[in-house]
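Student: I have a helical model open and keep meeting terms I would like to pin down. Could you take me through them?
Tutor: Gladly; here it is.

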Amino acid sequence: MRSSPPKPISHLNTKLRFSLIATYAGLAALILLFFAWNFLRHSGPNWVVFIAQSLPLAALLPGMLTGYYRSFSWLCFVILIYFVKAVDGALVSTAGYLDILFLILTVYIFIAAMLASRWSQRKAKETPYV
């Protein structure tokens, strides 16, 4: 039994562009948050922790910048690790506004990357091969 081709998504290019911009903006905000946590403290800069926090995200950037939908899928998996840490930090009694921001950013990035992955995959299926 042959499956029918998927129904076209209206305004797919616009949705894809918006989800890509949202994902990149969320990643930039998360890396800025890591920068603020590690370099704007009174105890001095901590390069090792900053690199450990940012390296998994930076490893996915080349694939994301080329529009490879699997990189966005992998970002969803990787961001779940950050989400667990963000929930842990937001639920302690000493949680601050940066901990809540961290939680919000992880949820935001997960949703944006999920949409970017799905819409990139659909765009690839709709584009005829020449």
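Student: Let's start with handedness: what makes the crossing of α3 and α4 left-handed?
Tutor: The crossing of α3 and α4 is left-handed because the term applies when the near helix is turned anticlockwise from the far one by less than a right angle, while clockwise gives right-handed. Before we go on, this is a predicted model, where local features need pLDDT of at least 70, side-chain atom pairs count only at pLDDT 80 or more, and totals for chains, interfaces and linings use all residues. Residues are numbered from 1 along each chain as its sequence is written, and side-chain values use heavy atoms, with hydrogens and water left out.

Student: Why is α3 called roughly antiparallel to α4?
Tutor: Helix α3 (residues 69-90) and helix α4 (residues 97-126) pack at an angle of about 165°, with their axes 8 Å apart. That angle makes α3 roughly antiparallel to α4, since the word is used over 145 degrees (under 35 is roughly parallel, 65 to 115 roughly perpendicular, and the rest oblique). The axes are lines fitted to C-alpha atoms, for helices over the stretch in contact, and the angles run from 0 to 180 degrees between N-to-C directions.

Student: And which residue classes make up the contact of α3 with α4?
Tutor: The contact of α3 with α4 has 20 nonpolar, 6 polar and 2 charged residues. Here Ala, Val, Leu, Ile, Met, Phe, Trp, Tyr, Cys and Pro count as nonpolar, Asp, Glu, Lys and Arg as charged, and the others, Gly among them, as polar.

Student: Why are α1 and α4 also described as roughly antiparallel?
Tutor: Their axes cross at roughly 150° and come within 8 Å, so α1 and α4 are roughly antiparallel to each other. The crossing of α1 and α4 is left-handed, and the contact of α1 with α4 divides into 21 nonpolar, 5 polar and 5 charged residues.

Student: What is the packing angle of α1 and α2?
Tutor: About 165°, with the axes of α1 and α2 9 Å apart. That makes α1 roughly antiparallel to α2, and the crossing of α1 and α2 is left-handed.

Student: Now the residues: why does Val84 count as exposed?
Tutor: Val84, in helix α3, has 58% relative accessibility and therefore counts as exposed. The cut-offs are under 20% relative accessible area for buried and over 50% for exposed, with partly exposed in between (1.4 Å probe, protein chains only). Val84 and Thr106 are 22 residues apart in sequence and 9.3 Å apart in space, C-alpha to C-alpha.

Student: Why are Val107 and Ile51 given the label partly exposed?
Tutor: Val107 lies in helix α4, and its 36% relative accessibility makes it partly exposed. Ile51 belongs to helix α2, where 45% relative accessibility makes Ile51 partly exposed.

Student: Finally, which residues lie nearest the centre of the largest pocket?
Tutor: Phe34, Trp37, Gln53, Lys85 and Phe102, out of 16 lining residues. The helices α1 (12-39), α2 (47-65), α3 and α4 each supply at least two residues of that lining, and α3 gives the most, with 5 residues. By class, the lining has 9 nonpolar, 4 polar and 3 charged residues.

Notes:
Helix = DSSP H or I, 4+ residues; strand = E, 2+ residues; numbered from the N terminus. 1 Å grid on protein atoms, 1.4 Å probe; cavity = no way out; pocket = protein on both sides within 12 Å on 5 of 7 lines; lining within 4 Å.
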